[in-house]
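Student: Could you take me through one part of this model up close? I'd like to see how the helices pack against each other, and then where that leaves a single residue elsewhere in the chain.

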Amino acid sequence: MQTRQLGYSDLEFSTVGLGTWAIGGGEWKFGWGEQNDQQSIEAIHKAIDLGVNWIDTAAVYGLGHAEEVVGRALKDISANERPLIATKCSRVEREEGAIGGELKRASVIAECEDSLRRLQIETIDLYQLHWPDPDEDIEEGWQAIADLKKQGKVRYIGVSNFNRAQLERIQPIHPVASLQPPYSMIARDVEDDLLDFCGREKIGVICYSPMGKGLLTGGFTRDRAANLPSNDHRSRDPKFQEPLLSLNLNFVERLQPIADAQNRSMAELAIAWVLRRPELTAAIVGVRTPDQIAGTAPGGNWNLSEAEIAEIDKAISARDEALAELGDIDSGRV
Ligand SMILES: NC(=O)c1ccc[n+]([C@@H]2O[C@H](COP(=O)([O-])OP(=O)(O)OC[C@H]3O[C@@H](n4cnc5c(N)ncnc54)[C@H](OP(=O)(O)O)[C@@H]3O)[C@@H](O)[C@H]2O)c1
């Protein structure tokens with residue numbers, strides 16, 4: 001698989017990274033329903049066979065469970081094939097299962113130790129602040145992970161879900177190696193100016209939910225959306241409910257022939273589309289089974305033609321118009 005340099009770092013990331021949110025399972029507030037750990041491990045091994053050379057996880061996914069599963073998967077991989085590991089801190093469990101932001105130094109340092117233990121590794125390749133929450137503590141949290149880098153516990157440091165003003169506040173404390181924002185054909189806010197800014201500042205961009213949490217894979221139906229179990233957080237996400245659901249499914253139907261013409265999957269098209277931007281280092285692709293990564297990984301090697309991009313742009317404009325006609329509706333947080 002193609003690789004790209006992560007921002008100013010010396011890390012070369014495959015254009016598809018393996019996302020482990022769903023691998024955390026359904027036992028917490030933002031779960032993805034039941035998940036079989038053995039299948040998760042097989043999916044991780046399959047991804048590596050397919051050329052994926054890095055994994056994105058987070059302490060909060062399954063409240064530590066995703067990191068534990070990654071740690072178990074790593075045990076069976078020889079040292080020269082070991083993927084790079086990116087994880088995140090700063091989302092913690094509060095009373096009654098609520099999830100909140102915590103950027104105080106002592107918490108960030110303790111979270112890093114916990115992640116190293118669960119992952120069973122000595123150094124985290126990329127350590128990220130998961131959310132800029134609470135905003136007034138971002139400098140404290142950033143200084144804490146900069147110190148972890150100095151101590152050799154982590155190799156590079158980045159952030160997720162930060163806006164430009166927040167990036168500008170922390171850059172002088174320590175250069176930011178990467179930003180992890182949402183980006184897909186149905187979530188394009190980063191195009192406003194964050195991508196340009198990151199390109200100029202040599203901040204790598206590793207985007208999440210490139211397939212709209214599964215909506216852009218061609219595998220989603222009205223029936224599936226209506227029957228999402230209550231421990232799958234997507235059952236509460238407006239994108240998976242009317243009127244947005246029909247808007248999104250019609251959009252996919254319009255795009256499917258572009259993928260079919262190249263004998264590729266719709267999921268690959270969604271991934272190739274975000275990767276058309278040179279500021280992108282990689283797309284983080286959510287995985288639950290070996291078959292899923294087999295259906296998505298080739299998207300990391302698909303360079304869309306100008307004609308294909310123009311055709312997709314037309315479909316995006318049509319969706320934007322239909323969305324505007326719906327008026328002011330809640331399109332949900334990521
Ligand atoms: N930093 C953050 O705040 C943040 C937020 C969100 C995500 N992330 C990271 O980014 C990763 C990716 O984002 P995401 O998981 O939200 O969304 P995504 O990659 O857009 O979608 C992933 C989902 O698509 C479905 N899928 C995957 N391969 C498929 C295939 N070949 N055919 C059909 N369906 C397929 C699976 O769901 P089903 O099997 O259930 O259909 C899978 O869980 C996460 O795992 C996580 O590591 C980070």
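Tutor: Here is a walk through three helix pairs, with the whole chain before them and one residue after them.

Keep in mind that this is a predicted model. The chain has eleven helices and twelve strands. Its radius of gyration is 19 Å, close to the 20 Å the globule rule gives for 334 residues, so the chain is as compact as a globular protein of that length. Along its principal axes, the C-alpha trace spans about 50 × 40 × 40 Å. Of the 334 residues, 57% count as buried. If you take the contacts with a separation of 6 or more, 76% of them come from residues 24 or more positions apart.

Now for the close look, beginning with helix 8 (residues 244-261) and helix 11 (residues 306-325). Their axes sit 10 Å apart, and the packing angle is about 165 degrees. Angles over 145 degrees count as roughly antiparallel, and helix 8 and helix 11 are therefore roughly antiparallel to each other. The crossing of helix 8 past helix 11 is right-handed. On the helix 8 side, the contact is made by Leu244, Leu247, Asn248, Phe251, Arg254, Leu255 and Ile258. Helix 11 brings Glu308, Glu311, Ile312, Lys314, Ala315, Ile316, Ala318, Arg319, Ala322 and Leu323 to that contact. Sort the residues of this contact by class and you get eleven nonpolar, one polar and five charged.

Next up is helix 3 (residues 105-119) with helix 4 (residues 138-150). Here the axes are 8 Å apart and the angle is about 40 degrees. That angle makes helix 3 oblique to helix 4. Helix 3 goes past helix 4 in a right-handed crossing. Helix 3 puts Arg105, Val108, Ile109 and Cys112 into the contact, while helix 4 supplies Glu140, Gly141, Gln143, Ala144, Ile145, Asp147 and Leu148. By class, that contact comes out as six nonpolar, two polar and three charged residues.

The remaining pair on our tour is helix 1 (residues 37-49) and helix 2 (residues 65-75). They pack at about 55 degrees, with axes 9 Å apart, and that makes helix 1 oblique to helix 2. This crossing is right-handed too. Asp37, Ser40, Ile41, Ile44 and His45 make the contact from helix 1, and from helix 2 come His65, Val69, Val70, Arg72 and Ala73. The class split for helix 1 with helix 2 is five nonpolar, three polar and two charged.

Finally, the single residue you asked for: let's pick Gln180, which lies in strand 10 (residues 178-180). Is Gln180 buried or exposed? The cut-off for buried is under 20% relative accessible area, and Gln180 has 2%, so Gln180 is buried. Who's around it? Leaving aside neighbours within four places in sequence, Gln180 touches Asp56, Lys88, Gln128, Val159, Ser160, Asn161, Ile206, Tyr208 and Ile284. If you want a distance to check on screen, try Gln180 and Ala59: these two are 121 residues apart along the chain, and their C-alpha atoms are separated by 15 Å.

Technical notes:
Residues numbered from 1 in each chain as written. Predicted model: local features only at pLDDT ≥ 70, side-chain atom pairs only at ≥ 80, totals over all residues. Heavy atoms only, no water. Axes fitted to C-alpha atoms, helices over the stretch in contact; angles between N-to-C directions. Helix = DSSP H or I, 4+ residues; strand = E, 2+ residues; numbered from the N terminus. Parallel < 35°, antiparallel > 145°, perpendicular 65-115°, else oblique. Left-handed = near helix turned anticlockwise from the far one by under 90°. Contact = heavy atoms within 4.5 Å. Nonpolar A, V, L, I, M, F, W, Y, C, P; charged D, E, K, R; others polar. Buried < 20%, exposed > 50% of the residue type's maximum accessible area, 1.4 Å probe, protein only. Rg over C-alpha atoms; globule rule 2.2 N^0.38 Å.
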